Amino acid sequence: MARVIVDIMPKPEILDPQGKAVQGALPRLGFGQFQAVRQGKRFELEVTGPATAEVLAAAHQAAVTLLSNPVIEDVVSVRAEPEPSLEDPTTQGPAA
Amino acid sequence: MIRFGVVTFPGTLDDRDALRAVRLAGGEGVSLWHGDRTLHGCDAVILPGGFSYGDYLRAGAIARFAPVMETIIQAARGGMPVLGICNGFQVLTESHLLPGAMIKNNHRAFICREQPLRVETSQTAWTSAFSPGQEIVIPLKNQDGQFQASDRTLAELEAEGRVVFRYQGWNPNGSRHDIAGITNPAGNVVGLMPHPEHAVEPGFGPDSAAGARAGQDGLGFFTSVINWLSAGAAA
């Protein structure tokens with residue numbers, strides 16, 4: 001079992017209304033130190049086998065055809081992540 | 001009689017209104033289901049407003065891959081008149097039949113108002129009944145209505161006369177160049193955020209000079225197609 005993580009962000013030149021809304025709320029809670037907030041999307045795609053190069057290529061293809069709209073968004077990363085076993089306290093989190 | 005197909009996706013809201021608008025304009029309305037692969041002999045297609053597939057992921061992003069869209073995309077490339085209204089406009093941009101994309105309104109709120117528009121061109125299947133520069137008023141109601149496109153795309157749209165409608169008086173959502181609607185190079189595919197199908201019948205439209213709720217400026221969209229197709233058949 002492996003997991004592919006896809007991160008997508010609104011393009012820098014495009015106003016991000018959701019990020020702006022979050023930015024407006026932060027100072028009201030005392031978080032005045034953050035000058036800007038941008039909000040993106042994270043997808044977790046699970047595969048039964050290992051995250052091979054083919055799987056990553058397919059994930060990238062899915063990212064540019066369905067998961068993102070290239071007019072307004074950038075795919076900032078497509079990467080494999082071994083599934084962390086949260087129950088096991090000896091696990092120090094994903095290696096890479 | 002011209003047959004207008006009106007697509008229903010899961011989450012579509014305005015399909016019945018669009019079917020009624022088509023009938024009031026003198027056409028025949030045909031319901032199309034998102035799972036259909038045939039257009040049942042339709043001469044034109046309307047993608048109505050709503051929240052297709054819950055608008056999850058992005059507005060229109062999942063609807064764009066519905067079986068009926070494959071057929072519609074082919075037909076649109078072949079010249080069939082296609083109108084995308086609100087969510088339907090978002091489906092058309094996601095389908096790459098029209099450039100650009102819609103993001104959340106710049107003020108971040110849902111908006112519902114009677115919206116004045118300037119018709120910029122009558123050289124499309126859906127605006128041939130209007131004159132360039134004509135002002136019309138039809139309802140606008142959405143949350144993701146801010147039209148965005150790259151500088152290069154905007155320059156192309158402007159240079160080729162493909163901006164079909166511009167917001168008049170006040171830009172209600174931050175759309176670039178006040179753009180409310182655009183067309184493809186052939187003029188058969190048009191998308192816009194405001195709703196012509198809600199301004200087709202006295203008593204149920206926007207206020208107008210003729211009286212309260214008397215506005216019928218939306219009718220011209222549908223009579224335009226009837227004229228456009230009839231002229232094509234006669235030519």
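In this predicted model, strands β9 (residues 163–167) and β10 (residues 179–183) of chain B run antiparallel and are joined by three bridges. One point of register is easy to find on the structure: Val163(B) faces Ile182(B) of β10(B). On its other flank, β10(B) is linked to β11 (residues 189–192) of chain B, again by three bridges and with the strands antiparallel. Here Thr183(B) of β10(B) has Val190(B) of β11(B) opposite. The hairpin that β10(B) and β11(B) form has five residues between the strands, and Gly187(B) adopts a positive phi near 85° in this hairpin. Burial fits the picture of a strand with neighbours: five of the five residues of β10(B) are buried, so the strand is largely enclosed by the rest of the structure.

These strands belong to a wider arrangement. Chain B holds an open sheet of nine strands, ordered β2-β1-β3-β4-β11-β10-β9-β6-β7, in which the pairing is mixed. The edges are taken by β2 (28–33) and β7 (135–142) of chain B; each has a single partner strand, so one side of each lacks a neighbour in the sheet. Averaged over the sheet and ignoring direction, neighbouring strands are turned by 25° against each other. Helix α1 (residues 15–24) of chain B packs on this sheet, where it touches β1, β2 and β3 of chain B. The direction of α1(B) makes about 175° with that of β1(B).

The parallel part of the sheet can be followed through β3 (44–47) of chain B. β1 (residues 3–8) of chain B pairs with β3(B) in the parallel sense over three bridges, and Gly5(B) has Val45(B) as its bridge partner in β3(B). β3(B) is in turn connected to β4(B) by three bridges, also running parallel; in this pair Leu47(B) is set opposite Gly84(B). The chain passes between these two strands by way of helix α2 (residues 67–77) of chain B, and the resulting β-α-β unit is right-handed. In a regular strand, side chains alternate between the two faces of the sheet. For β3(B), both faces are covered: Ala44(B) and Ile46(B) are buried on one side, as are Val45(B) and Leu47(B) on the other.

Helix α3 (residues 87–94) of chain B is likewise mostly covered, with eight of its eight residues buried. Among them are Phe89(B), Val91(B) and Leu92(B), together with Asn87(B), Gln90(B) and Glu94(B). The cover over the buried residues of α3(B) includes the strands β3, β4 (82–85), β5 (101–103) and β11 of chain B. Two of these names, β3(B) and β4(B), have already appeared as the strands of the right-handed unit, and β11(B) as a strand of the hairpin. Just after the helix, His96(B) takes a positive phi of about 65°.

Taken as a whole, chain B contains five helices and 11 strands. Its radius of gyration is 16 Å, close to the 18 Å that the globule rule gives for 235 residues, so chain B is as compact as a globular protein of that length. The C-alpha trace of chain B spans about 40 × 40 × 35 Å along its principal axes, and 57% of the 235 residues count as buried. Of the contacts in chain B between residues at least 6 apart in sequence, 73% connect residues at least 24 apart.

Chain A contributes an open sheet of three strands, in the order β2-β1-β3 and with antiparallel pairing. Its edge strands, β2 (41–47) and β3 (73–82) of chain A, each pair on one side only. Neighbouring strands in this sheet are turned by 20° against each other on average, with direction ignored. β1 (residues 2–10) of chain A and β3(A) are held in antiparallel pairing over nine bridges, and one of the matches places Val4(A) with Ala80(A) as its bridge partner in β3(A). Across β1, β2 and β3 of chain A lies helix α2 (residues 53–67) of chain A, which runs at about 30° to β1(A).

The two chains also touch one another: 12 residues of chain B are in contact with nine residues of chain A. On the chain B side of this interface, the residues divide by class into four nonpolar, four polar and four charged.

Definitions and conventions. Residues numbered from 1 in each chain as written. Chains lettered and ligands numbered in written order. Predicted model: local features only at pLDDT ≥ 70, side-chain atom pairs only at ≥ 80, totals over all residues. Buried ≥ 20, exposed ≤ 12 C-beta atoms within 10 Å, placed from the backbone. Helix = DSSP H or I, 4+ residues; strand = E, 2+ residues; numbered from the N terminus. Pairing = 2+ DSSP bridges. Contact = placed C-beta atoms within 7 Å. Nonpolar A, V, L, I, M, F, W, Y, C, P; charged D, E, K, R; others polar. Axes fitted to C-alpha atoms, helices over the stretch in contact; angles between N-to-C directions. Right-handed = clockwise from strand over helix to strand, strands pointing away. Rg over C-alpha atoms; globule rule 2.2 N^0.38 Å.
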